[in-house]
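Could you take me on a walk through this model in my viewer? I would like to know what to select at each stop and what I will find there.

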Amino acid sequence: MEERHLKRVARGAKDGTSRKRDPSGYGGQPRRNDDPSGYFTTPAPGGNATSARGSGSLNPLFPVTDGAYWAYAVMLLALVLFAAGIVGNLALMCIVWHNFYLKSAWNCVLAGMAFWDFLVLFFCLPVVVFHELTLKRLLGDLSCRLVPYLEVTSLGVATFSLCALSIDRFHAATSPGPLQTPKVEPCQSILSKLSVIWLGSMVLATPELLLWQLAQTDTFKVDICVREPSAELPENIYSLVLTYHEARMWWFFGCYLCLPLLFTLACDLVTRQVLAQRLLQKPEGDKVTGRCPSSSSSSASSTKKKQHVREHRLRSTVMALTILYITCNLPESICNITLAYISAPASAVLPALALPALSLIGQLLIFVRCSATPVLLLCLCRSLGQAFVDCCCCCCEECLPDGNSSASSSETVKSVLSTEPSVYDRVKDSSAAIGTPC
């Protein structure tokens with residue numbers, strides 16, 4: 001009885017023979033053998049420095065050459081992004097967590113974005129910079145799979161968070177009665193909303209764990225992350241991952257760029273129209289009977305104007321986050337689509353360092369978004385910014401050796417609150433008003 005040898009046949013092979021997947025880009029364009037940069041998560045510099053650095057015998061920062069200047073520039077930019085992002089995201093999470101009046105669904109969604117941005121900066125940024133400088137991959141195959149997964153999950157969390165914030169403002173504008181501001185919500189309600197955003201983003205990014213694998217070039221012994229599904233996967237999973245790989249470029253463009261942009265713009269336009277109609281309508285409460293009808297109507301109109309100003313500030317915050325998100329992610333998508341559809345002779349004319357430079361710029365733009373988002377929120381949202389300033393002032397006062405001024409000010413506040421109970425009530429009302437996010 002003859003022994004049958006079962007061979008795996010790749011999808012699309014018309015004959016019965018097994019064949020390896022052609023490592024070509026989108027559109028069937030063959031890649032050059034000496035340029036595997038299309039598979040890189042981080043770029044690899046070329047030239048003689050590549051062979052020297054790939055062997056691990058030279059320090060990228062010494063001796064000082066043109067490559068060393070580039071390494072110093074990358075390190076400086078990475079340190080600035082790391083410091084600003086870590087401090088900003090940690091401050092935003094701590095402010096929402098430790099302040100009871102800021103625990104609204106709005107602020108918790110922003111804190112969730114800060115948490116994933118913090119993970120991207122804390123784990124992905126050192127791995128990317130280390131690979132850029134030494135061409136060696138920290139944590140090996142694990143980082144090849146985990147870095148893209150965290151980055152795509154962060155994109156999903158930002159996308160769905162922007163959509164959730166837009167829906168929240170649309171619901172507040174179209175609901176009957178006065179404009180609603182985000183209030184303190186129970187923990188279960190907040191966790192249910194965050195779980196939908198987080199779980200959806202993590203599930204959509206799961207194929208990234210199966211798509212990337214670590215490889216090493218034969219020429220320079222350089223660690224690279226190859227975007228190619230492993231042939232050891234089961235047939236059903238292999239087919240799904242391969243389909244995701246072929247549609248990945250347009251999936252990113254549609255889901256992570258067009259969806260948040262169009263959805264946010266549509267909600268903003270509809271909300272703006274609803275608010276404009278409300279301003280033209282005269283509420284029934286304006287016809288107040290009493291001794292001072294003019295004062296009552298003026299106070300009602302001033303309250304209404306304050307509500308509309310606050311609503312405009314909330315919508316401006318969502319639009320600013322959307323603009324920052326699109327600005328940092330659009331260039332990479334445009335470059336990928338352009339490189340996928342240009343002809344093979346035109347791609348061969350490109351300089352050797354063009355693709356690695358574009359790849360590095362795309363990575364740095366992701367880190368710029370993760371670092372700039374908390375800074376933008378602390379500047380636009382009054383309550384978050386004020387809480388951050390108060391926290392910094394408290395830390396500075398604790399560092400001061402002389403505490404007479406703070407003691408005297410606290411005694412003054414105690415005396416005022418004990419003599420005038422109405423002042424205490426106003427302090428309580430103002431602290432409750434901190435629940436407004438911006």
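Start by selecting helix α5, residues 187-204, and then add α3 (105-134) and α4 (141-174), because the buried residues of α5 pack against these two helices. Keep in mind as you look around that this is a predicted model.

Now show the side chains of Ile-190, Leu-194, Ile-197 and Ser-201, which are buried in α5. An α-helix has 3.6 residues a turn, so residues three or four places apart point the same way.

How far apart are the end C-alpha atoms of α5? They are 26 Å apart, and this agrees with the expected span, because 18 residues at 1.5 Å a residue should cover 26 Å.

Next, select strand β1, residues 212-216, together with its partner β2. The two strands run antiparallel and are joined by 5 bridges. To see one pairing, click on Gln-216, whose bridge partner in β2 is Asp-223.

Stay with β2, residues 223-227, where 5 of the 5 residues are buried. Which residues point one way from β2, and which the other? Asp-223, Cys-225 and Arg-227 point one way, while Ile-224 and Val-226 point the other way. In a regular strand the side chains alternate between the two faces of the sheet.

For the last stop, turn to the UniProt record, an unreviewed entry, which annotates "transmembrane region" at residues including 69-97 and 249-271. Residues 69-97 are 100% helix, with end C-alpha atoms 42 Å apart. Residues 249-271 are also 100% helix, and their end C-alpha atoms lie 32 Å apart.

Note on methods:
Residues numbered from 1 in each chain as written. Predicted model: local features only at pLDDT ≥ 70, side-chain atom pairs only at ≥ 80, totals over all residues. Heavy atoms only, no water. UniProt positions renumbered as here; feature names shortened; annotations may be inferred. Helix = DSSP H or I, 4+ residues; strand = E, 2+ residues; numbered from the N terminus. Buried < 20%, exposed > 50% of the residue type's maximum accessible area, 1.4 Å probe, protein only. Pairing = 2+ DSSP bridges. Expected span 1.5 Å × (residues − 1). Contact = heavy atoms within 4.5 Å.
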